[in-house]
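Open your viewer, keep the selection box handy, and follow along stop by stop. Each stop tells you what to pick and what you should find there.

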Amino acid sequence: MAARNSRRKRPAQRWGILLAALAGLAVLLALLTPALVMGWVRGYLRDDAFRAKLEAMIGTRLAGSVSLAPLRWTGDEVLSRRASVETAEGWKAELTGLHLAVDWAAFRDRQWRLLQAGADSLDLTRNATSGEVGQGLPLTAPATAQAGPGRAVPGWLRAWLPDRFGVDGVRIDAFTFSHPGPWRLAGSALRVAPWQQGDASVLVTLENGVLETPVQLPTLLHPIRLNLSSATLRLAADEMRLSTASLTWAQGGEVTARGHLRPSSRDWQVEATLAGIPLAELLSPDWKLRLTGLIEGDLRVLGSAAAEPTVEGQVRLKNAALTALPLLNQLANFTRVERFKRLVLDVAEADVRAAGQTRRFEKVVVESAGLLRLEGDLTLQAGQMDGRFMLGVTPDALRWIPGAGQHVFTSSYPGAAAGMVWTPLRITGTVDAPQEDLTARILSGAGKALVDAPAQVLGKAGETLLTPVLGGDLAKKPGEVLKSATDAVSQPGEALKKAGEAAEKGIDLLKGIGGGLLGR
């Protein structure tokens, strides 16, 4: 009986042992398979066929061509001397000294993850003459590594390969970026934050470098160049957004910028705040000694590959002064106001708009407190000036200008600053040779003042009064001046002609106030 029971238990024991062995084998395979897969992948990555497959795969993803120098593996780190990428959308990237390491711990979690990725240099360029506009920045995730031409991935192995991708940051020691506009950044260090497949954008920081812009001022021989201190960007497939950038310009002037660039449409926008920009960097050589100070303001610059940039915003001058102007010295002698010799500009501001050869200054306000104030608009078109202003001065400044208070500065100006008398001022001509309409009216006012003056003013007192205006020779002949004033009433055309002749003898009064502030 016992023997029969023993024989019945033996098959059950055999099945138990077999099941235990199968379970142990399954556990062993489960433990060994990742190692087997990893070992196969390590060998595959070192195969030159993998490099060829990688070139073809990335080229297909970017609709372009890829060239990658042979890979040199040292442990888990791989080096490549050179790589180049060129897409049908006009992007071209040249890299040297590539290096990275594979995170095999992440591989066990079915993720391709790159460590210590970077390059010695990256030159990224957008071709201005590329064909169709479509794809934006070449930002995409590589596909899971597949078999190369000479080595197939076994079917059972595919299920164990990672299906996610990530990079633990990228470091580029020397970065150069060129884009139609033209914009160019050179000599910068680039850092890319960690990025996972599925992220819509990636954070990029830049340090140092020189930024060349397409913005060129009339007084500069070359477009504006800025020294980059730092910048933070958010890079997506269809847009590059500049969160903030800190730059310096013109010996310490600061520029803080924000903006975006859309590669697909090739348009861009930059908003900049200026602080402490020396005026000497913006003026023509002959004006650098005349006008000093710092410029500050807020500007917005719009542009595209197909159009010249446009600029709009507000600018202000700080610590500004006009000096070394002979006409201001004459005006100081004439009015007996020494402040004209060095005209401190307490207020100097305007709204600006610029496109091509046209520059418009609106809501212009220039003031030297307690002396004069200028308000109006000015347009510069291909070097030609068209300005319409109201000029206000204090009555004391006119005390020694005959007839100015009674016949010239008589306009009403609603909303104007109190304590000033006003007159219109028109400025035309060119920047180098401006013309104004106030001198003739000053002459006419002086003539009318002589008509209205008592007879004794035509004597020595008349000479004293007229010398600063007409010069010593003509001032000694007040009768001729009186005749000119009478002609101004009866023969205005001839009077203007004579007024012009008289002006050549020294009557440049307003060029110290109006045109003189802008001319040579």
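One definition before we click: buried means under 20% relative accessible area, exposed means over 50%, and partly exposed is in between (1.4 Å probe, protein chains only). What you have on screen is a predicted model, where local features need pLDDT of at least 70, side-chain atom pairs count only at pLDDT 80 or more, and totals for chains, interfaces and linings use all residues. Residues are numbered from 1 along each chain as its sequence is written, and side-chain values use heavy atoms, with hydrogens and water left out.

**Stop 1: the whole chain**

Show everything as cartoon. The chain has 12 helices and 24 strands; these are DSSP runs, numbered from the N terminus (helices are H or I with at least four residues, strands are E with at least two). Of the 520 residues in the chain, 42% are buried. Switch on a surface and you are looking at about 26,800 Å² of accessible area, 56% of it belonging to carbon and sulfur atoms. That area comes from the Shrake-Rupley method with a 1.4 Å probe.

If you like contact maps: a contact here means heavy atoms within 4.5 Å. Take the contacts with a separation of 6 or more, and 52% of them are between residues 24 or more positions apart.

**Stop 2: β1 to β4**

Select residues 77-87, which is strand β3. Which strands does it pair with? Two strands pair if DSSP finds at least two bridges between them. Strand β1 (residues 64-68) runs antiparallel to β3 and is joined to it by five bridges; look for S67, whose bridge partner in β3 is S84. Strand β2 (residues 71-74) also pairs with β3 in the antiparallel sense, over four bridges, and here R72 has L79 as its bridge partner.

Now zoom in on the turn. β2 and β3 make a hairpin with two residues between them, and G75 in that turn has a positive phi of about 65 degrees.

Add residues 91-102 for strand β4, which pairs with β3 in the antiparallel sense over nine bridges. One pair to highlight is A83 with L95. This hairpin has three residues between its strands, and G90 takes a positive phi near 100 degrees.

**Stop 3: the largest nonpolar core**

Hide the cartoon and show side chains for V41, L45, F175, F177, L206, L247 and V255. These have the most contacts inside the largest nonpolar core, which has 66 residues. A nonpolar core is a set of buried Ala, Val, Leu, Ile, Met, Phe, Trp, Tyr and Cys residues joined through side-chain atoms within 4.5 Å. Strand β5 (residues 111-126) gives the largest share of this core, six residues.

Center on V41: leaving aside neighbours within four places in sequence, V41 is in contact with W104, F107, W112 and L161. Apart from this core lies another, of 36 residues, among them L372, M385, F389 and L425.

**Stop 4: H179**

Pick H179, which sits in strand β7 (residues 170-179). Is H179 buried or exposed? H179 is buried, because its relative accessible area is 3%. Not counting residues up to four places away in sequence, H179 touches W91, R126, L261, P263 and R266.

**Stop 5: β20 to β22**

Select residues 372-381, strand β21, where eight of the 10 residues are buried. Strand β20 (residues 358-368) pairs with β21 in the antiparallel sense over nine bridges, with F361 opposite L378. Their hairpin has three residues between the strands, and G370 there takes a positive phi near 75 degrees.

β21 also runs antiparallel to strand β22 (residues 384-393), joined by 10 bridges; D377 stands opposite R388. That hairpin has two residues between its strands.

**Stop 6: two positive phi values**

Most residues other than glycine have a negative phi. Which residues should you check against that? Start with A382, in the loop between β21 and β22: its phi is positive, near 50 degrees, and it is not a glycine. A382 is partly exposed, because its relative accessible area is 47%.

Finish on Q116, which lies in strand β5. Q116 has a positive phi of about 50 degrees, again without being a glycine. Q116 counts as exposed, because its relative accessibility is 57%.
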